[in-house]
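I sat down today with one chain and wanted to follow its strand pairing and its cysteines. My notes are kept in the order in which I looked things up.

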Amino acid sequence: QLVESGGGLVQAGGSLRLSCAASTHISGTYGIGWFRQAPGKEREFVAAINWSSSSLLYADSVKGRFTISRDNAKNTAFLQMSRLRPEDTAVYYCAVGRTRATPSAYDYWGQGTQVTVSS
């Protein structure tokens, strides 16, 4: 089971750090992805990281503002979000699977955490 935390309300230009913790051991060398879904919109890719952290993927809309990282010893991944914009408002989900930019590549999903950016 994956549990996201760290969401909340922040003003535009501010920062948040999301965490994704696996409550049970996940076997294998899995990738971790972050996705987000705004009301009335499809789930969209944000960032992904492979097991060794040697491969990082970012959506163009967050490049230079968001940073994905992971701590395998703690079964935890992070999404550091800076210079937040109102259009970043969404429910953010983490997922475990192959390191890809498509939701279908991931097998396990968290319940999501709300991020709201006020203008």
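These entries deal with one strand, its pairing partners and the cysteine it carries.

Entry one, the strand itself. I worked from a predicted model, and I began with strand 9, which covers residues 90-97 and is mostly covered, eight of its eight residues being buried.

Entry two, the pairing. I looked up the partners of strand 9 and found that strand 4 (residues 31-37) runs antiparallel to it and is joined to it by seven bridges; within this pairing, Q37 has V91 as its bridge partner in strand 9. I then turned to strand 11 (residues 113-118), which pairs with strand 9 in the antiparallel sense over three bridges, and here V91 appears again, with Q114 as its bridge partner in strand 11. Strand 10 (residues 106-109) is also antiparallel to strand 9 and is joined to it by three bridges, and I noted W109 of strand 10 as the bridge partner of A95.

Entry three, the cysteines. How many disulfides does a search of the whole structure find? I found one, formed by C20 and C94, whose sulfur atoms lie 2.0 Å apart. Because C20 belongs to strand 3 (residues 16-22) and C94 to strand 9, the pair ties together parts that are 74 residues apart in sequence. I read the torsion about the S-S bond of C20 and C94 as about 70°, so the disulfide is right-handed.

Entry four, burial of the two cysteines. Buried or exposed, I asked of C20? With the cut-off for buried set at under 20% relative accessible area, C20 counts as buried at 3% relative accessibility, and C94 is buried with a relative accessible area of 0%.

Definitions and conventions:
Residues numbered from 1 in each chain as written. Predicted model: local features only at pLDDT ≥ 70, side-chain atom pairs only at ≥ 80, totals over all residues. Heavy atoms only, no water. Buried < 20%, exposed > 50% of the residue type's maximum accessible area, 1.4 Å probe, protein only. Helix = DSSP H or I, 4+ residues; strand = E, 2+ residues; numbered from the N terminus. Pairing = 2+ DSSP bridges. Disulfide = S-S within 2.5 Å.
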